[in-house]
Amino acid sequence: MHFRVPEKLAMTLCLLVTSLTGPPLLSLTLVAVVLLARLIVPDLRSMNKITARRFRSVLAFLFCGAIVMTLLNGILIREGLILFQWAGISVYESGIAFGIRTGARLLLMTSALLLLFGSTQLSGITAFLNRMGLPARIVMTIHLTVHFVASMPSRIERIYSAQEARGAPVRAHLVSRILSLTAVLSPLILSSTVESIERGKALELRGYNSSSRWVDDTVQIDSPYSFLTVFFLFMSIIALLLPWLLG
Amino acid sequence: MSSRLRLQFDRELDGAGLPFVAFCIALNLTVGQITAALKIPLYLDSVGTVLAAVLCGPISAILAGAISNILAGAFGNPAMMFFVPVIVVIGAFSAFLAARGWFRSWYLAAAGGILQGVLAAAVSAPIAAFVFGGVMLAGTDILVLFFRSVGNTLLQSVFYQGLSSDPVDKTVTYLLVYFICRNLPLRLLQRFHGGNNILKPHTVH
């Protein structure tokens, strides 16, 4: 069983629709299935250590957050039966049920998206979407964004240190700190604008930034049609229609 | 894509437009690093979108906002993907105001920021309420719970929470973009499709 880009996209869609329409127990079961699939299906494993760590840390944070928010909902939404009382604090049934429902939904959505982006190269997804009709300019924008995102932290750090050395009020009171935002952002935007102009020229010279280049034909992509893709798309429709049919 | 829309798309993303929109998306995604370094309790996560709206135009702004939120999902904040409609509204509204000269004076930019904040709160409230039940696992969840505990409905609570933070956030964002664009050299501003959104009409050649 191979999970390539089309299958992964269809599976993610199916999980997202189920998280919105399914009961909390189904959502939590599917979270467990996602975690298991990540371990046993080679195509769904994290690409590298960074994405694996991100998957674990984000999910662990959301799991702890969901438990805390469920408890807070139980305490603050005072509707339905009192489940238990402790030190004068009452925990109500409807608040807990609401917290579990939203927590399970958020966990399934997050795990589905982390599974997709953790196991697939962004370039693979954009190449597939390009062949399916996404304009080449948008694909180029996404690739350039990844370049900028990678270089941005060091740029910000350099400008921040330089402005601090010049005496910008980066450690003063709140209003001064907000005002010093322009001292950090202005050089960042100015340098990036100059870089954008240079990159725009370079792209035009290479024929990339042209309206005639609508689809990039040079990239080999997977066929969108397979049993798994159709299965997941069918299940998405079922998940969407079932709650409506059952009333 | 209709021919008129495609023409506008081509015009806005021509030359420096495309790399600049990519930079605006990266700015949306990394501005949190600056606010964290300066210990400022604001998101400012639409500063790139507003910048694209002012300097490039509506399609660039919508594109910058939508890709920012989708990539935020890829970079570890999947809930952002569901707020694409909000950022689309922010981009379109910012471009609308920019085209009418609201970024030529600071007080109009501030007023636009307040309006934008109210609009953003109104558009994001149904998504936050019906998709996430008001629970985003962020510090602002406490405010939603507080408003619910005093008897408001879920939708009202999420809207009030948005009203308590969005207008301030968007006003600071608009003013930042105004001051940054004012500081850009004229020769750079004129390279962009929306350069005359900042300049007085007689300065554009």
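Below is a short chat about a predicted model with chains A and B.

Q: To start, how many helices and strands does chain A have?

A: Chain A of this predicted model has 8 helices and 2 strands, and from the N terminus on its elements run α-α-α-β-β-α-α-α-α-α.

Q: And is chain A a compact globule or more spread out?

A: Chain A is more spread out than a compact globule, because its radius of gyration is 24 Å, well over the 18 Å that the globule rule gives for 247 residues. Taken along the principal axes, its C-alpha atoms fill a box of roughly 65 × 60 × 35 Å, and 34% of its 247 residues count as buried.

Q: What about contacts in chain A, how many join residues at least 24 apart?

A: If one takes the contacts between residues at least 6 apart in sequence, 68% of them join residues at least 24 apart.

Q: Let's zoom in on H2 of chain A; what should it span, and what do its ends say?

A: Helix H2 of chain A covers residues 24-40, and at 1.5 Å a residue its 17 residues should span 24 Å, which agrees with the 24 Å between its end C-alpha atoms.

Q: Which residues are buried there?

A: The buried residues in H2(A) are A:Ser27, A:Leu30, A:Val31 and A:Val34. Seen down the axis of H2(A), the buried residues fall within an arc of 110°, so they line one face of the helix. As background, an α-helix has 3.6 residues a turn, so residues three or four places apart point the same way.

Q: What do those buried residues pack against, and what is on the face turned away?

A: The buried residues of H2(A) pack against two helices of chain A, H1 (5-21) and H4 (93-119), while the face turned away from the buried side carries the exposed residues A:Leu25, A:Ala32, A:Leu36, A:Leu39 and A:Ile40.

Q: Changing topic, how many residues does each chain put into the contact?

A: The contact takes 56 residues from chain A and 46 residues from chain B. On the side of chain A that touches chain B, H3 (49-76), H4, H6 (136-165) and H7 (174-205) each supply at least two residues, and the largest share, 18 residues, comes from H7(A).

Q: How do the residues on that side of chain A divide by type?

A: The residues of chain A on the side that touches chain B divide into 34 nonpolar, 16 polar and 6 charged.

Q: And the largest nonpolar core, which residues touch the most other members?

A: Among the 118 residues of the largest nonpolar core, B:Val21, B:Val54 and B:Val177 touch the most other members, and H4(A) gives the most to this core, with 14 residues. Leaving aside neighbours within four places in sequence, B:Val177 is in contact with B:Val47, B:Val50, B:Leu51, B:Val54 and B:Phe103.

Q: Where is B:Leu44, and is it buried or exposed?

A: B:Leu44 is found in the loop between helix H2 (17-37) and helix H3 (47-55) of chain B, and it counts as buried because it has 22 C-beta neighbours inside 10 Å. Phi of B:Leu44 is near 55°, a positive value in a residue other than glycine. In general, most residues other than glycine have a negative phi.

Q: One last residue: is B:Gly151 buried or exposed, and why?

A: B:Gly151 counts as exposed because it has 9 C-beta neighbours inside 10 Å. The place of B:Gly151 is in the loop between helix H7 (141-149) and helix H8 (154-183) of chain B, and its C-alpha atom is separated by 17 Å from that of B:Gly162, which is 11 residues apart from it along the chain.

Definitions and conventions:
Residues are numbered from 1 along each chain as its sequence is written. Chains are lettered from A and ligands numbered from 1 in the order in which they are written. This is a predicted model: local features need pLDDT of at least 70, side-chain atom pairs count only at pLDDT 80 or more; totals for chains, interfaces and linings use all residues. Helices (H or I, at least four residues) and strands (E, at least two) are DSSP runs, numbered from the N terminus. The expected span of a helix is 1.5 Å times one less than its number of residues. A residue is buried if 20 or more other C-beta atoms lie within 10 Å of its own, exposed if 12 or fewer, and partly exposed in between; C-beta atoms are placed from the backbone. The arc is that of the directions from the helix axis to the C-beta atoms. Two residues are in contact if their C-beta atoms, placed from the backbone, lie within 7 Å. The radius of gyration is taken over C-alpha atoms; the globule rule is 2.2 Å times the number of residues to the power 0.38. Ala, Val, Leu, Ile, Met, Phe, Trp, Tyr, Cys and Pro count as nonpolar, Asp, Glu, Lys and Arg as charged, and the others, Gly among them, as polar. A nonpolar core is a set of buried Ala, Val, Leu, Ile, Met, Phe, Trp, Tyr and Cys residues joined through C-beta atoms within 7 Å.
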